[in-house]
Amino acid sequence: MNQWEKEWQTEQERVNSVVEKAAQKIRQLEAHLGGKKEDVVDIRKNFWEDVTVNLEDADEAIETAASIKQQAELLSELERSHKNAEEQMKSLVRLSDSPYFGRIDFKEKSDTASQQIYLGIASFYDEEKDEFMVFDWRAPISSLYYDYSLGTAEYEAPGGVISGEMELKRQYIIRNATIKSMFDTGVTIGDELLQEVLSRQANPQMKSIVATIQKEQNQIIRNTKGSLLIVQGAAGCGKTSAALQRVAYLLYRYRETLSANQIVLFSPNNVFNSYVSNVLPELGEENMMQTTFQQYIHHHLGISFHLEDPLEQMEAVLTAGEGPQDQTRLASIQYKASLDFMDMIETYISRLRKEGMIFKPVKFRGKALIPAEEIQEKFYSYSPSVSIPNRMKLVSEWLVREVRKFEKAERNEPWVEEKIQLLDKDVYVKLYQKLQKKKQYSDNTFNDFEREQKLLSAYVVSRAFKPLKKRIKGLTFVNLKALYMSLFKEDGVVSPAEAPSKWKEIRLLTAKTLADGELYYEDATPFLYLKERIEGFQTNTAVRHVFIDEAQDYSPFQFAFIQRLFPRSKMTVLGDLNQSIYAHSTGDAFQMMYDRFGRENTERIILTRSYRSTRQIVEFTRELLDEPDKVIPFNRDGEKPVLKQFSASGEHSRAVAETIKQLQNEQVKTIAVICKTEQECKEAHEALKGQAEAELMLKESSSFKQGTLIIPSYLAKGIEFDAVLVYDASKEVYGKDSERKLFYTVCTRAMHELHLFAKGELSPFFDRIPSDTFLAEIK
Ligand SMILES: Nc1ncnc2c1ncn2[C@@H]1O[C@H](COP(=O)(O)OP(=O)(O)OP(=O)(O)O)[C@@H](O)[C@H]1O
């Protein structure tokens with residue numbers, strides 16, 4: 001047995017001993033858990049027997065309440081500890097399969113001997129020996145593993161910086177408690193393990209990367225300095241991965257004060273949500289809250305008209321032509337994305353303080369109880385120094401009082417009698433009991449009938465007025481739609497000198513769509529902003545950390561809005577300007593964020609190494625960028641991208657089908673035929689019918705499946721596939737310079753293979769790509 005084999009054996013023995021200790025712990029926990037479960041069941045069963053209920057007098061009632069409280073606390077404490085034990089159990093089960101993935105030997109400056117630190121997903125403490133057999137990857141000392149190669153190294157412990165010498169760095173792949181591979185590394189995280197991880201097939205669910213986190217990614221994960229962290233980097237450089245491990249890190253580091261429901265991740269779409277949903281549970285943490293910006297807006301708008309989906313907007317933009325209508329829409333999208341538009345709304349708000357508020361009359365059964373003009377008069381009767389939301393509140397209280405007056409008068413209306421006849425028997429009985437309780441019955445049946453009648457009509461009227469009062473309290477008497485539309489009137493807020501280009505056309509377009517009962521997606525955030533400014537901003541102060549992935553797709557307006565929504569929250573913003581695919585994402589949104597938070601509160605980290613795709617694919621895709629050298633491929637080899645160009649469309653689809661079948665025969669798990677738009681997807685699906693099996697995925701389904709998909713470009717955002725087939729890389733489809741970023745985004749979804757097909761003339765983007773970076777077949 002050579003030295004390495006001996007090492008291997010010693011390491012395997014250590015794995016065995018950790019697993020054995022974990023098994024002991026599992027047995028103990030099982031016994032404990034069983035007992036706890038019985039206790040919980042017992043307490044639930046006997047809850048009312050173990051409390052003394054006596055409500056005879058006030059003192060007794062207080063004692064009873066105290067006794068119930070004590071019993072409830074006991075129960076919740078037991079439930080909590082049961083949950084903890086269960087979580088510990090899950091972590092031990094994971095540990096028994098693969099206890100750790102790395103080891104470092106570190107000698108502190110002041111020590112003579114080095115300490116062996118084994119790193120795993122969760123820590124494991126040996127009570128007998130009083131030492132950690134495994135350190136959590138997020139522990140302060142674990143950062144040595146990610147940040148240093150052999151030699152001098154230091155880390156930040158709670159008590160200060162600790163320096164020393166790293167003498168060994170080792171990596172393992174352990175499955176079923178057996179070491180499958182083991183390597184010592186000199187450089188940061190050895191290429192070998194990363195090579196092995198990256199060469200695997202794509203998965204419908206993203207995986208955690210804790211064993212191979214790179215130094216620059218570790219900086220993102222552990223950064224706790226500023227209130228804004230901006231992460232920029234090319235496609236596939238691990239922004240999303242780093243963000244998710246960062247969530248896990250924050251939950252560990254601030255475990256006393258931070259919980260998963262205080263962290264929000266804004267993701268590009270629901271497919272992406274499902275794609276990343278497994279990473280945190282895999283790391284033994286609960287998932288943070290996940291939403292898309294569209295869902296958030298929709299939920300808070302609570303409007304009755306139809307709100308356009310961002311995907312519909314995307315389709316409209318991607319299929320836009322040179323005609324005036326389409327050009328107006330584009331100009332409108334861009335202007336409404338800007339901070340200029342937010343300023344315009346602010347000017348409007350200042351004006352509304354003095355004049356111009358628009359209300360709806362308060363109506364009941366079709367009858368106007370309080371006309372809109374009267375509400376407006378009341379609104380402006382309050383001092384202008386009172387803010388608009390406060391005045392709204394005062395008006396709402398006044399309206400409720402007014403409505404109450406009408407409510408009383410309404411009791412004698414004929415409809416009330418009709419409703420009384422239709423009342424349920426149960427209601428009658430209840431009201432009868434109420435009267436009896438109040439001892440309001442007399443011997444005089446005539447009086448009794450009158451009282452009954454009064455009570456019944458009061459009941460019927462009050463029930464009928466309830467929704468109206470609720471609506472008033474919800475401030476629905478303000479006419480938000482009309483207010484928003486006023487922004488686009490000819491004599492509106494904007495002075496001709498400040499008006500954006502095509503302002504007249506934008507005004508007309510907006511007025512028309514709103515009048516048709518539709519709200520375009522570009523209007524959604526400004527509309528909500530106006531609503532919040534009038535009704536009072538519903539800020540969320542419970543959320544402590546907001547993550548925005550694919551941040552290049554947010555408009556400055558949306559960013560500013562999010563910042564305002566979460567005033568007590570830190571932010572991590574991740575994106576790549578080269579993948580800006582929305583028409584509103586003009587300019588450098590990151591710079592704008594940077595300016596808003598201020599330099600002293602902001603950290604900016606740029607990632608340059610791309611891990612997703614093979615070296616050959618990165619060498620091809622990066623040429624689409626203005627600064628190709630800024631993207632460095634990770635050294636993993638594969639085939640060069642293949643381009644097949646056809647003049648006849650029949651041959652084109654046959655070739656696509658052939659490639660799909662070939663990949664399927666090779667057992668490639670995830671294959672995506674990516675088209676630019678929904679329309680193109682449908683055409684592709686039709687053309688491939690009967691030739692190759694492929695599923696059409698057009699809308700955001702809630703999950704992302706293995707297999708062969710035909711998918712539009714914007715739905716493939718943030719996701720990756722083993723093989724990508726660009727359905728038509730012709731000039732017809734990717735011809736405008738504004739589509740270069742989209743083309744880049746599409747091509748960079750490929751991990752191992754990239755096939756491009758073109759019908760007719762090639763996209764001009766190929767002019768910038770050196771011909772030796774791909775293989776071309778022209779038919
Ligand atoms: N340190 C790492 N170890 C192992 N795999 C990694 C590492 N960093 C990134 N990856 C892998 O690279 C791929 C791309 O990562 P990720 O999706 O996080 O990149 P991204 O920057 O968000 O990409 P995009 O901007 O294209 O959406 C994923 O498969 C991820 O698992």
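Helices are DSSP runs of H or I with at least four residues, numbered from the N terminus. The structure described here is a predicted model, and the account below moves from the ligand to a hairpin, then to a sheet, and finally to a pair of helices.

Two helices named in this way, α4 (191-198) and α6 (239-253), each supply at least two residues of the shell around the ligand. The ligand has 24 residues around it, and those that come nearest are Ala-235, Gly-238, Lys-239, Thr-240 and Ser-241. Sorted by class, this shell consists of eleven polar, eight nonpolar and five charged residues.

Further along the chain there is a hairpin built from strands β12 and β13, with two residues between the strands. Strand β12 covers residues 362-364 and strand β13 covers residues 367-370; the two run antiparallel and are joined by three bridges. Within this pairing, Lys-363 stands opposite Ala-368 of β13. In the same hairpin, Arg-365 adopts a positive phi near 50°.

The next element is a sheet. In general, the strands of a sheet pair through backbone hydrogen bonds, in either a parallel or an antiparallel sense. The sheet in question is open and contains seven strands, in the order β22-β23-β21-β24-β25-β20-β26, with parallel pairing. Its edges are formed by β22 (695-696) and β26 (775-778), each of which pairs on one side only. Inside that order, strand β20 (residues 642-646) and strand β25 (residues 750-759) are linked in the parallel sense by five bridges. Here Phe-646 stands opposite Lys-759 in β25.

Helices also pack on this sheet. Helix α26 (residues 740-747) touches β21, β24 (721-726) and β25, and its direction makes about 140° with that of β24. Helix α25 (residues 678-688) lies across β21 (670-675), β22 and β23 (707-712), and runs at about 140° to β23.

A final view concerns two helices and the way they meet. The axes of helix α9 (residues 293-301) and helix α20 (residues 521-535) come within 10 Å of each other and cross at roughly 45°. Because of that angle, α9 is oblique to α20. The crossing in which α9 passes α20 is left-handed. On the side of α9, the residues that meet α20 are Ile-297, His-300 and Leu-301; their counterparts in α20 are Ala-524, Thr-525, Phe-527 and Leu-528. By class, this contact of α9 with α20 comprises five nonpolar and two polar residues, and no charged ones.

Notes
Residues numbered from 1 in each chain as written. Predicted model: local features only at pLDDT ≥ 70, side-chain atom pairs only at ≥ 80, totals over all residues. Near = placed C-beta within 6 Å. Nonpolar A, V, L, I, M, F, W, Y, C, P; charged D, E, K, R; others polar. Pairing = 2+ DSSP bridges. Contact = placed C-beta atoms within 7 Å. Axes fitted to C-alpha atoms, helices over the stretch in contact; angles between N-to-C directions. Parallel < 35°, antiparallel > 145°, perpendicular 65-115°, else oblique. Left-handed = near helix turned anticlockwise from the far one by under 90°.
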